[in-house]
Amino acid sequence: RRAMRDTRTNLESTMVPNGSARRMSAALLVACTTYLAVDTFFSLPSYVMEESSRGLRQDSRRNSETEQTSRGLVAFLYCTVEDLHEPEEPIVPVYSAAYPGSGSQMTHYLYEALTGLPASDDWGARGDDGIYVALKTHYPARKHYVEGADKMDRAILQLRNPLHALPSHASFMFEMKNGMPDHTVYAPAKFWTEWRDENFDAEMESWVDHLEYWVENYDGEKGERIVISYEDLIPKETGPKTTAYISHFLAQSEGVTTIFHEKIPCVWDKVVNYEKYNGRRFLNEFLDKNEEWVKRNVGKAKLMIEKYPEEIDSHVARKLFDFDDPFHPHASRRQGARVEYTFTEEQLETMLNKLIVLQDRYLSRGTEERLEGILSRYVAEVKEAKEEAAGSEEK
């Protein structure tokens, strides 16, 4: 601080007496100071930012087993994710509504970071508990409804293109079936194909029903609902702006105060980029890195390696299987396969038609510009996938 004072004194002593020149010198001083601060922030090593994001989520995991209000303060170099606390007066939560696989776990942490208040879900809390800023629900895609919700009259509808939401949901089902922690591993291609063909029609209908329920029952023009998309939350070009949109909506709840607008890009980075870089892994990497889980579930791990050999490399297989035969099916693979989730051309046609019907319906109303824009992008992406599928079949 003394050095900064001395520097400023020296700079001021060099200013000429002329008024306009003094003002120009002062402006240059502010500009130089601003440049140094900005340059320092944006030249931080990437590992510093990654470690900060990891600290945020590790803190959330450690304390999720204890009282909500006991979570420790998580400090960052340029922004702080506030200590969670209960509100001074009872509050009414908003619905955090999303079809499974749409990134609602990520926004759960985002709502907490924006308000300093705990969020929960329709299994772990009631609408009349009075302490939660938001309650996650998959209703009506999943039939469990928020209890004690008589006063809940506002909702955040979170969408994700079914082209990606359905595979993400399939990964969750794979985790549940195999006793894995959720949001840790991508479903193998073989599991995905079987799950897709068995569940596509019902899940696609469920995706549509979910969107229609929240749009039709909560009026966006009256401030009862906003619509956000997973796709707008992830990129740095649109993520902070979408987060600011969410923050403004949450701040309209009585008894809820959100962070200063200037902190939003930094908080967005801490929450969203952690999820992006520290989320699910491919099965091969999961079995390689999660030694504790493998030790506790050796039998399951071996069965998965046997069932999905095309996705396991020899290094991982050797940890659980003793084989010297170089022709053993697990001995030759050098790298686990990366999963590509695809749909049949017929399934893409069904998906496209349903999205177009929704797009046309809400476009004709003239009051759902944001929703219509999201659906338009989904239609374009599915059209492209359909054309690629048709081209592949021709080859």
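Contact here means heavy atoms within 4.5 Å, and that is the sense in which helix 4 lies across strand 3, strand 4, strand 5, strand 6 and strand 7. The legends below walk through close-ups of a predicted model.

**Figure 1. Overview of the protein chain, with 15 helices and 7 strands.** Before zooming in, here is the setting. The protein chain has 395 residues, and 46% of them are buried. Among contacts with a separation of 6 or more, 69% join residues that lie 24 or more positions apart.

**Figure 2. An open sheet of 5 strands, in the order 4-5-3-6-7.** The pairing in this sheet is parallel. Strand 4 (120-121) and strand 7 sit at the edges, each pairing on one side only. Strand 3 and strand 6 are joined in the parallel sense by 4 bridges. Two of the residue pairs are worth picking out: serine 96 has isoleucine 156 of strand 6 as its bridge partner, and alanine 98 is partnered by glutamine 158 in strand 6. Helix 6 (residues 189-217) packs on the sheet and touches strand 3, strand 5, strand 6 and strand 7. The direction of helix 6 makes about 155° with that of strand 6.

**Figure 3. Strand 6 beside strand 7, a parallel pair with 5 bridges.** Strand 6 covers residues 155-159, and strand 7 covers residues 225-229. A bridge to follow by eye is the one between leucine 157 and valine 227 of strand 7. In strand 6, 5 of the 5 residues are buried, so this strand is largely enclosed by the rest of the structure. Ala155, Leu157 and Leu159 are buried on one side of strand 6, with Ile156 and Gln158 buried on the other. Strand 7 also has 5 of its 5 residues buried and is therefore largely enclosed by the rest of the structure. Its two faces are both covered, with Arg225, Val227 and Ser229 on one side and Ile226 and Ile228 on the other.

**Figure 4. Serine 96 in strand 3 (residues 94-98).** With a relative accessibility of 3%, serine 96 counts as buried because the cut-off is under 20%. Leaving out residues up to four places away in sequence, serine 96 touches Thr107, Tyr111, Ala134, Leu135, Lys136, Thr137 and Ile156. One of these, isoleucine 156, is also the bridge partner of serine 96 in strand 6.

**Figure 5. Helix 4 (residues 104-115) and its setting.** How far apart should the ends of helix 4 be, at 1.5 Å a residue? Its 12 residues should span 16 Å, and the end C-alpha atoms are 17 Å apart, which agrees. Helix 4 has 11 of its 12 residues buried, so it is largely enclosed by the rest of the structure. Those buried residues include Met106, His108, Glu112 and Ala113. Helix 4 runs at about 140° to strand 6. After helix 4 comes glycine 116, whose phi is positive, near 75°.

**Figure 6. Helix 4 packed against helix 8 (residues 239-251).** Two packed helices are described by the angle between their axes and the distance between the axes. Here the angle is about 65° and the axes are 10 Å apart. The crossing of helix 4 and helix 8 is right-handed. Leu110, Tyr111, Leu114 and Thr115 come from helix 4, and they meet Thr243, Ile246, Ser247 and Leu250 from helix 8. By class, this contact has 5 nonpolar, 3 polar and no charged residues.

**Figure 7. Helix 5 (residues 162-177) and the glycine after it.** At 1.5 Å a residue, the 16 residues of helix 5 should span 22 Å, and the 22 Å between its end C-alpha atoms agrees. Buried residues of helix 5 include Pro162, Leu166, His169, Phe174 and Glu175. Just after helix 5, glycine 179 takes a positive phi of about 65°.

**Figure 8. Proline 87 in the loop between strand 2 (80-81) and strand 3.** Proline 87 has a relative accessible area of 15% and is buried. Setting aside neighbours within four places in sequence, proline 87 is in contact with Leu117, Gly130 and Ile131. Tyrosine 132 is 45 residues from proline 87 in sequence, while their C-alpha atoms are 8.4 Å apart in space.

Terms used:
Residues numbered from 1 in each chain as written. Predicted model: local features only at pLDDT ≥ 70, side-chain atom pairs only at ≥ 80, totals over all residues. Heavy atoms only, no water. Expected span 1.5 Å × (residues − 1). Buried < 20%, exposed > 50% of the residue type's maximum accessible area, 1.4 Å probe, protein only. Pairing = 2+ DSSP bridges. Axes fitted to C-alpha atoms, helices over the stretch in contact; angles between N-to-C directions. Left-handed = near helix turned anticlockwise from the far one by under 90°. Nonpolar A, V, L, I, M, F, W, Y, C, P; charged D, E, K, R; others polar.
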